[in-house]
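Here is a short report on one fold, read strand by strand and helix by helix. The sequence and the coordinates come next.

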Amino acid sequence: MSQVGKKMPEFVTNGYNPKKEEFVTVSNKDFEGKWNVLMFYPADFTFVCPTELEDMQDQYAKLQSLGVEVYSMSCDTHFVHKAWHDHSEAISKLEFTMLADPHKSIARDFYVLDEEAGLAQRATFIIDPDGVIQTVEVNADGIGRDASQVYDKIRAAQFVRENPGQVCPAKWKESGKTLTPGLDLVGKI
């Protein structure tokens, strides 16, 4: 079931904030009033997952400059997140909060729980300041994501929000040409 255009599910969970080196409680209410990226991944202490989280960290300052907060989430506990942070060179670089979903209820509510494996799928959600999901990307377990694409998607989503009636074509960049849908464009693109 597509979540695009829908309010994000309500939740409250524990997490580990590596920047402050503390456990935190985070809910969907913490997403309100700003742009957010919620990045589900299968499990801590795995192979593709640390490369993805490190890649997202490489984009974190750039995303923060757009007013975006980033959260990662797996079905591990916040205690496991801290242990992974303390023992992985890649994960030790993280500054964004790592959320826990040990009951698998949040992944299930976002429709990204692989019930058979009991793990979250590789899924990235871009959520607007109203808590509405604007984009969803889900990859197979063996296919890592490219965090640099998240920046372009956020800029496009922000542009469309700030400029009603305009849309961003494929490969749109911040200074690129946009489109205004209408009869004059039908069949001409």
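Phe40 has Ala123 of β8 as its bridge partner. The strands involved are β3 (residues 35-40) and β8 (residues 122-127), which pair in the antiparallel sense over 5 bridges. Two strands count as paired if DSSP finds at least two bridges between them. Strands are DSSP runs of E with at least two residues, helices are runs of H or I with at least four, and both are numbered from the N terminus.

This is a predicted model, where local features need pLDDT of at least 70 and side-chain atom pairs count only at pLDDT 80 or more, while totals for chains, interfaces and linings use all residues. Residues are numbered from 1 along each chain as its sequence is written, and side-chain values use heavy atoms, with hydrogens and water left out.

**The sheet**

The pair β3 and β8 belongs to an open sheet of 7 strands, in the order β2-β1-β5-β4-β3-β8-β9. Pairing in this sheet is mixed. Its edge strands, β2 (22-27) and β9 (133-139), each pair on one side only. On average, neighbouring strands are turned by 25° against each other, direction ignored. Axes here are lines fitted to C-alpha atoms, for helices over the stretch in contact, and angles run from 0 to 180 degrees between N-to-C directions.

**Helices on the sheet**

Helix α1 (residues 48-64) lies across β3, β4 (68-74), β5 (97-100) and β8. It runs at about 165° to β4. Helix α4 (residues 148-162) also packs on the sheet, where it touches β3, β4, β8 and β9. The direction of α4 makes about 145° with that of β3. Contact means heavy atoms within 4.5 Å.

How do α1 and α4 meet, and at what angle do their axes cross? The two axes come within 8 Å and cross at roughly 35°. From α1, the contact uses Asp55, Met56, Gln59, Lys62 and Leu63; from α4, Ser148, Val150 and Tyr151. These residues divide into 4 nonpolar, 2 polar and 2 charged. In this scheme Ala, Val, Leu, Ile, Met, Phe, Trp, Tyr, Cys and Pro are nonpolar, Asp, Glu, Lys and Arg are charged, and the others, Gly among them, are polar.

**The annotated cysteine**

UniProt, in an unreviewed entry, places the feature "active site" at Cys49. UniProt positions follow the numbering used here, feature names are shortened, and annotations may be inferred rather than shown by experiment. Cys49 sits in helix α1. Is Cys49 buried or exposed? Cys49 counts as buried, because its relative accessibility is 1%. Buried means under 20% relative accessible area, exposed over 50%, and partly exposed in between (1.4 Å probe, protein chains only). Leaving aside neighbours within four places in sequence, Cys49 contacts Tyr41, Pro42, Ala43, Trp84 and Arg122.

**Loop residues**

Thr46 lies in the loop between β3 and α1. A polar atom of its side chain is 2.8 Å from the backbone oxygen of Ala43. Thr46 and Trp84 are 38 residues apart in sequence and 9.9 Å apart in space, C-alpha to C-alpha.

Glu21 has a positive phi, near 55°, in a residue other than glycine. Lys104 has a positive phi too, near 65°. The table places the loop residues and gives their relative accessible areas.

| Residue | Loop | Relative accessible area |
|---|---|---|
| Thr46 | between β3 and α1 | 27%, partly exposed |
| Glu21 | between β1 (12-17) and β2 | 62%, exposed |
| Lys104 | between β5 and α3 (105-109) | 24%, partly exposed |

Note on methods: Polar contact = N/O pair within 3.5 Å; in protein donor to acceptor, adjacent residues only side chain to side chain.
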